[in-house]
Amino acid sequence: MTNRRIESHILNPYFSILMILLSISLHAQIAYDHVSNKSVSIGSYGRVGADWSFENGRTIGRRLNLNNMGSIGGRMEEQDYLEVAPSFRFRPKEGDSTEINAQVRLSLYSNSLTGFANTSTTNLGGLTLAIPEMFVQARNIGGKDLNIWVGARLYRGPDLHIADHFYFNDHSGQGFGVEYKKTRFAQIFVTSTDTTATVPPYFYLNIKTGTPSTALRQRMVYVLEHDIDVNKDNKITLLAEYHNMPDGDFDVEIDSIEQTVNFPSDRGYVLGARINTKFKKMRKGSFNDFSIRYGTGIANGGDGGLSKTWLTYGAPDLETLSFKKAYSLAIVNHAVFNLSENNTLNPYIVFTQSRGAADSKHMAETYFGKEVFNRKQDFTIGARDEIYFSDFFHLATELHYSQRKDGTNPIASMLKFSVIPIYVPTGKKDIWARPHIRFVASVAKYNDFAKETLYSPYLEFTGPKSWGTYFGVKAEWWIWN
């Protein structure tokens with residue numbers, strides 16, 4: 001027994017060495033992607049902070065703006081939000097000037113009033129993760145000023161930053177596009193999985209399989225834009241869109257489905273123009289941007305602080321089962337005046353008038369029986385004045401007036417004034433310098449109708465009041481280039 005034990009101890013080291021060698025050999029056969037390339041860059045936008053209300057002595061996280069206006073009327077009370085956008089660059093063959101990249105954008109935000117801390121995507125009312133961008137793009141193909149892209153993309157022009165409003169040409173969605181010199185064409189495939197939605201694309205019953213079930217009617221959006229350089233300081237952008245939805249009963253094999261859920265095809269059109277003017281007699285970066293856009297039919301969208309034309313507004317004509325008589329007019333003027341080395345003024349105006357296809361001037365039924373307002377008009381005027389007391393300390397003040405009329409209701413209005421001391425750690429005297437660390441103090445005055453109908457996210461929480469207040473410590477940054 002003793003000899004066997006000795007023999008066993010002698011063999012064990014050889015057995016262990018054999019197992020190690022086999023393990024190394026096996027691992028060598030595993031295909032694992034060791035990331036070592038340097039062709040990756042990351043951009044980001046974010047805002048985060050804490051707020052306080054003297055109304056009840058705690059955070060309420062509600063905008064002072066009017067309902068259905070988003071951040072139009074001032075964005076200083078916006079909730080936490082994060083975007084991270086990694087971009088992966090590919091090298092073309094030697095001598096080819098084509099720029100190739102794949103980009104993904106991840107966004108994270110709260111579905112309730114919670115901040116980012118002490119919550120997660122698993123909490124009820126916690127964080128929501130979205131992927132608004134995932135596309136591949138080839139630019140300057142063959143050195144010919146030709147670009148193509150395919151995928152999901154935030155395909156849009158400049159925004160009215162102090163109101164967080166991407167006006168005129170927000171074509172964000174999934175599809176493809178071709179750009180050649182000053183002309184851009186895109187086709188966007190609009191779908192939805194919201195069965196409670198009152199705007200197209202709607203769900204309808206599909207019994208082709210023999211079992212009633214919901215199916216989706218998709219909208220196609222065709223976009224064409226062209227830039228015209230009038231001269232060195234003036235540029236005009238022309239916009240045209242065509243929206244089309246197919247017949248909702250093209251694949252129905254029996255006649256037992258209600259007519260109201262088997263829609264005929266529908267369409268819409270958009271025409272618009274934007275004029276950008278640079279003021280060469282003022283300090284660099286001063287400009288005025290005026291845009292006007294008219295949409296008809298199912299392309300009359302633009303509400304809730306969003307300008308997407310496929311977000312159809314109002315109710316259909318239930319006799320013709322279409323949005324043929326619907327329209328929307330949107331006018332935006334946005335300017336930045338660098339008045340001196342130490343002062344910048346950023347004024348804006350937003351006007352929108354919309355109506356659905358129903359005859360009602362007030363409420364009307366949608367396809368699924370839900371009543372919505374069929375007409376609305378909103379108007380907002382505001383400005384931010386930013387004084388640069390030093391490279392690191394800026395003082396911004398904002399004044400906004402906003403009003404909205406839904407149907408035949410009286411006008412709801414809000415007047416808001418904000419004072420925002422800002423620390424700019426990069427030490428730049430520029431309205432676009434980031435990051436910002438801010439203290440925000442805002443006060444809003446509501447008219448009687450807004451007060452009585454609680455026509456503000458703030459009033460919905462506090463109850464009927466003529467005045468609203470907001471105090472917060474906030475940070476905002478972006479880094480793209």
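Start by selecting V350, which sits in strand β15 (residues 343–355) of this predicted model. Is V350 buried or exposed? With a relative accessible area of 2%, V350 is buried, because buried means under 20%. Now show the residues around V350: leaving aside those up to four places away in sequence, V350 touches I72, L160, H165, I331, V332, D378, F379 and T380. Add S402 to the view as well; S402 and V350 are 52 residues apart in sequence, yet their C-alpha atoms are 9.2 Å apart in space.

Next, colour three strands: β10 (residues 219–231), β11 (residues 234–245) and β12 (residues 266–278). How do β10 and β11 pair? They run in the antiparallel sense, over 11 bridges. A hairpin of two residues joins β10 to β11. Pick D229 and you will find K235 of β11 opposite. On to β12: this strand is antiparallel to β11, and 12 bridges join the two. One place to look is N244, whose bridge partner in β12 is R267.

Stay with β10 and select D227, together with R184. Their side chains meet in a salt bridge, 2.8 Å from N to O. D227 lies in strand β10 and R184 in strand β7 (residues 183–190), so the pair ties together parts that are 43 residues apart in sequence. Both D227 and R184 are buried.

The model has 24 salt bridges, so two more stops are worth a visit. The first is D406 with R404, where the side chains meet at 2.9 Å, N to O. D406 counts as buried at 5% relative accessibility, and R404 is buried at 3%.

For the other stop, select R438 and E476. Their closest N and O atoms are 2.5 Å apart, in a salt bridge. This pair links distant parts of the chain, with R438 in strand β21 (residues 436–446) and E476 in strand β22 (residues 467–479), 38 residues apart. R438 is buried, with a relative accessible area of 8%, and E476 counts as buried at 3%. Which residues belong to the network here? Salt bridges with shared partners join R47, R75, E78, D164, R434, R438 and E476.

Finish at the surface by selecting V40, I42, F88 and F90, which make a nonpolar patch of about 370 Å². The elements giving two or more residues to this patch are β1 (40–52) and β2 (81–90). Zoom in on F88, found in strand β2: F88 is partly exposed, with a relative accessible area of 33%.

Terms used:
Residues are numbered from 1 along each chain as its sequence is written. This is a predicted model: local features need pLDDT of at least 70, side-chain atom pairs count only at pLDDT 80 or more; totals for chains, interfaces and linings use all residues. Side-chain values use heavy atoms; hydrogens and water are left out. Patches are made of residues with over 30% relative accessible area and no salt bridge: like charges are joined within 9 Å, nonpolar side chains (Val, Leu, Ile, Met, Phe, Trp, Tyr) within 5 Å. Accessible areas come from the Shrake-Rupley method with a 1.4 Å probe; for residues, only the protein chains shown count as cover. A salt bridge is a side-chain nitrogen of Lys or Arg within 4 Å of a carboxyl oxygen of Asp or Glu. Helices (H or I, at least four residues) and strands (E, at least two) are DSSP runs, numbered from the N terminus. Buried means under 20% relative accessible area, exposed over 50%, partly exposed in between (1.4 Å probe, protein chains only). Contact means heavy atoms within 4.5 Å. Two strands pair if DSSP finds at least two bridges between them.
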